[in-house]
Amino acid sequence: MSRSARKGSSWPPQPGPADTVLLRTSKLVKVYRADGVTVEAIRGVDIELAVGEFVAVMGPSGSGKSTLLHVLGGLEPATAGEIWLLGEQVDGLSTAGWAILRRRHVGFVFQFFNLLSNMTVADNVELPALLAGATPRQARNRREELLAELGISDKANAAPARLSGGEQQRVALARALANEPSLLLADEPTGNLDSSNTRDVLRLLRRAHADGQSILMVTHDARVASLADRVINLFDGMVADDARMVPVPRRVNGVGDILELRG
Ligand code: ADP
């Protein structure tokens, strides 16, 4: 079922008209302090994501990509700066406030899948939709659709521990998309997948994006990044560049897409 097919119902939450800003940060800073050591993981990041935009975050290991995603999803508090989501300032939210916001508006795919081990795959995927207000039938339909697209319908009744790493990763993606979140935050969603499984995940991300899903995704994989509208490169906790993907007709030079540096 597409996003538009559900218009008018209260579920899933509608993020607002396209072209409006979905997410914005201002001078975002995250400093870790442990055992007398201070690490400035994020050092004054200003980014913006429009409704429906797909942005890839790249950069060398240790440049702050995962930290940025965690702070934007409220899993770690920002040290300084502002985060605006859907027109509201959210950086000051309590843990409970963030939990409510995530339930309705943010889907998260972690590097370590965080599936609930005492529930089946089907229940893991249906739960976020149910928590966001879907009826059991809507949650089941959505789960069936997502597992089919990811080629793992036959795993619906399995316990997560019985699945391979790649299968668990796909379940985690299905779960993150189950409530059609306003924003999908994904940390290396193809990190553990072989090439055929990567294709399934890329197809689902492409379709979700075409359907209006806003996505902010950390990746090392240029194939994954090439699906994005824009690539933000982090270096040393700062935005090194922010480049829009420009489609180039294949017949001109045989190259699918090139990056054009903005500004
Ligand atoms: P990336 O995702 O780009 O590899 P990270 O966001 O994981 O980078 O890390 C950025 C920096 O913050 C690194 O120097 C890392 O060691 C440090 N860091 C990340 N998480 C923690 C933590 N929980 N405690 C202390 N330092 C951390």
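Colleague: What percentage of the 263 residues of the chain count as buried?

Modeller: This is a predicted model, in which local features need pLDDT of at least 70 and side-chain atom pairs count only at pLDDT 80 or more, while totals for chains, interfaces and linings use all residues. Residues are numbered from 1 along each chain as its sequence is written. A residue is buried if 20 or more other C-beta atoms lie within 10 Å of its own, exposed if 12 or fewer, and partly exposed in between, with C-beta atoms placed from the backbone. By that criterion, the share of the chain's 263 residues that count as buried is 41%.

Colleague: How many of the 13 residues of H5 are buried, and why is H5 described as largely enclosed?

Modeller: Helices (H or I, at least four residues) and strands (E, at least two) are DSSP runs numbered from the N terminus, and H5 covers residues 165-177. The buried residues of H5 are covered by elements including strand E7 (106-109), helix H3 (121-131) and helix H6 (195-210). H5 is largely enclosed by the rest of the structure because its buried residues number 11 of the 13.

Colleague: Which element gives the most residues to the largest nonpolar core?

Modeller: A nonpolar core is a set of buried Ala, Val, Leu, Ile, Met, Phe, Trp, Tyr and Cys residues joined through C-beta atoms within 7 Å. The largest such core has 64 residues, and those touching the most other members include Ala56, Leu173 and Ala174. With 6 residues, the element that gives the most to this core is H5.

Colleague: Which element gives the most to the shell around the ligand?

Modeller: The residues around the ligand, each with its C-beta atom, placed from the backbone, within 6 Å of it, include Tyr32, Val39, Lys65, Ser66 and Thr67. Two or more residues of the shell come from each of strand E1 (21-34), strand E2 (37-45) and helix H1 (65-72). With 3 residues, the element that gives the most is H1.

Colleague: Is Glu188, in the loop between E8 and H6, buried or exposed?

Modeller: Glu188 has a positive phi of about 50° although it is not a glycine. Around Glu188 there are 20 other C-beta atoms within 10 Å, so this residue is buried.

Colleague: And is Asp35, in the loop between E1 and E2, buried or exposed?

Modeller: Asp35 is a residue other than glycine with a positive phi, near 50°. Because Asp35 has 4 other C-beta atoms within 10 Å, this residue is exposed.

Technical notes. The expected span of a helix is 1.5 Å times one less than its number of residues. Two residues are in contact if their C-beta atoms, placed from the backbone, lie within 7 Å.
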